[in-house]
Amino acid sequence: MSAMTLDPWMAAQMGLAAPLTREAITAWQLARLNETIAHARAASPFYRARREWTEGPLARIEELARLPFTTAADLFANDPPLLALSQGAIARVVTLETSGTSGPPKRLHFTADDLESTVDFFHHGMALFARPGDRAAIAFPGRHPGGVAAGLAVALRRLGVAPAVAPSPLDPVALAAWLRDERPDVVAGPPVPLLAAARVAANDGGAPIRARAVLLSSDHVAESVARALTAAWGAEVFRHWGMTETGYGGAVDCARHCGCHLREDELLVEVVDSASGAPAPAGALGEVVISTLRRRGAPLLRYRTGDLARLIEAPCACGSALKRIDGFAGRVGAGAPLASGGELTLPQLDEALFALEAVSDFAAVVEVGAPATLRLSIAAPAPLRVAATLEAVRARLVEDPVVGAALRVGALRVEAAFADALAFSPRAKRQLAIREAARCAQRC
Ligand SMILES: [Zn+2]
């Protein structure tokens, strides 16, 4: 029996016959893309001002690669504005602050249709593993109308699932207690806060937390985190990729777990070489670029998401014709170059450190220099705050091919210490902080 897929629902969304074929999807996407380009150049001051977008309709989707990108800086500047409908047609404005600067905030505008489309995607995406009668625990932020947690709760109710949304923000002790109270069949939330709760619960002598399935999203999902949640809760782990710019929903794992199936009725996804901007070879790692296909309020054309991943076009073993994205490798430009070659990245550290049962969370700072210094602040449950844990952290890092090579030739040194807390704030963006080394020699 073939696995359950998004295809029947997606075919209905597109008005196409089931089973979906790649050719039919491509033809449908080209028509929607040309409509979006025509609408954007007519109604969005930003796209109207860019001469390249005023050419005629594309004959083939591949021609899109000739056209310019839209960047996060364009969204921040918003000059000329991207908005292609009047403010009155907008149901929700999401404001994203620029990290670390006093620059203008990035605003994204969604219509009621956009929000409904996302809830519909959540509904059919969650139906791949949630069943009527289930209880679901949602640990995402966004309890307000139009927010992620609220939208997911609406979607789950449509499925006949009873959702509960965690009070936020939750530290791992409170999150573990809440999960024990809720006794969910399905848990949905960001990976590291859920892992921290699992590790706290495994060491506090309380009742075990069990769940049949876990959906992880909103941050990079290391294999070590997925394995740990399966081991701790007995749960099958599903991944979801999305961001505010994709309308929250983007792509979701199927039962075969070999890449997340894209929401191809809303998004046309390209993967490009992050340095040159040229299309990446098929299946190669590159920057994910999205064009929206049905968004009227604030369409995005060739928007550079900053996420690194691979695009898989071959049909999936689950039977779906929908393209997949996989091999998520963090953010463009977020790594620290190492003198020994390669980069030190947060996904590498996640993979290595969360493989250790003692590590519930960590923060990492790299001071560039010769050698570079990696300062790790390790959060661990009380019984595991022992010297052996810090030794195990170093041992795991040596096993990573890139980090291990840097350690062996002296291009990197590691200073690890325990953090005071069991986890870092779930509200803070997880990132590898990169700093210039203090110029001590000149000052002293
Ligand atoms: Zn699949």
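**Exercise 1. The covered face of helix H7**

Determine which residues of helix H7 (residues 172-182) are buried, where buried means under 20% relative accessible area, exposed over 50% and partly exposed in between (1.4 Å probe, protein chains only).

Solution. The buried residues of H7 are Pro 172, Leu 175, Ala 176, Trp 178, Leu 179 and Glu 182. Viewed down the axis of H7, these buried residues fall within an arc of 165°, so they line one face of the helix; the arc is that of the directions from the helix axis to the C-beta atoms. As background, an α-helix has 3.6 residues a turn, so residues three or four places apart point the same way. The partners against which the buried residues of H7 pack are S3, S4, S5, helix H8 (191-203) and H9, contact meaning heavy atoms within 4.5 Å. Helices (H or I, at least four residues) and strands (E, at least two) are DSSP runs, numbered from the N terminus.

The model is a predicted one, in which local features need pLDDT of at least 70 and side-chain atom pairs count only at pLDDT 80 or more, while totals for chains, interfaces and linings use all residues. Residues are numbered from 1 along each chain as its sequence is written, and side-chain values use heavy atoms, with hydrogens and water left out.

**Exercise 2. The two ends of H7**

Describe what is found at the start of H7 and just after H7.

Solution. At the start, a side-chain oxygen of Asp 171 comes to within 2.8 Å of the backbone nitrogen of Val 173. Just after the helix, Arg 183 adopts a positive phi of about 45°.

**Exercise 3. The 11-stranded sheet**

Give the strand order of the open sheet of 11 strands and identify its edges.

Solution. Begin with the order, which is S4-S3-S5-S6-S7-S8-S9-S13-S12-S11-S10, with mixed pairing; two strands pair if DSSP finds at least two bridges between them. The edge strands are S4 and strand S10 (267-272), each of which pairs on one side only. From one strand to the next, the twist averages 35°. Axes here are lines fitted to C-alpha atoms, for helices over the stretch in contact, and angles run from 0 to 180 degrees between N-to-C directions.

Next, take the S4 end of the order. Strand S3 (residues 135-138) and strand S4 (residues 162-165) are parallel partners over four bridges, and Arg 135 has Ala 162 as its bridge partner in S4. Between S3 and S4 the chain passes through helix H6 (residues 148-158), in a β-α-β crossover that is right-handed, which is to say that, with the strands pointing away from the viewer, the path from the first strand over the helix to the second runs clockwise.

Then turn to the antiparallel pairs. Strand S9 (residues 260-262) pairs with strand S13 (residues 324-326) in the antiparallel sense over two bridges, with Cys 260 opposite Ile 325. S12 and S13 also run antiparallel, joined by three bridges, and Ile 312 stands opposite Arg 324 in S13. Strand S11 (residues 286-292) and S12 are antiparallel as well, over four bridges, with Ala 309 in S12 as the bridge partner of Gly 286. Strand S12 (residues 303-312) is mostly covered, eight of its 10 residues being buried.

**Exercise 4. Arg 239 in its surroundings**

Is Arg 239 buried or exposed, and which side chain does Arg 239 join in a polar contact?

Solution. Arg 239 is found in strand S7 and is buried, with a relative accessible area of 15%. Its side chain is joined to that of Glu 223 by a polar contact of 3.1 Å, a polar contact being a pair of N or O atoms within 3.5 Å, of which, within protein, one must be able to donate a hydrogen and the other to accept it, while residues adjacent in sequence count only if both atoms are side-chain atoms. Leaving aside neighbours within four places in sequence, the contacts of Arg 239 include Leu 215, Val 221, Glu 223, Ala 251, Asp 253 and Cys 260.

**Exercise 5. The four-stranded sheet**

Establish the strand order and the edges of the open sheet of four strands.

Solution. The order is S18-S17-S16-S19, with mixed pairing, and the edge strands are strand S18 (412-418) and strand S19 (433-436), each pairing on one side only. Within this sheet, strand S16 (residues 361-368) and strand S17 (residues 372-379) pair in the antiparallel sense over seven bridges, and the bridge partner of Val 365 in S17 is Arg 375. Helix H11 (residues 387-399) lies across S17 and S18, at about 150° to S18.
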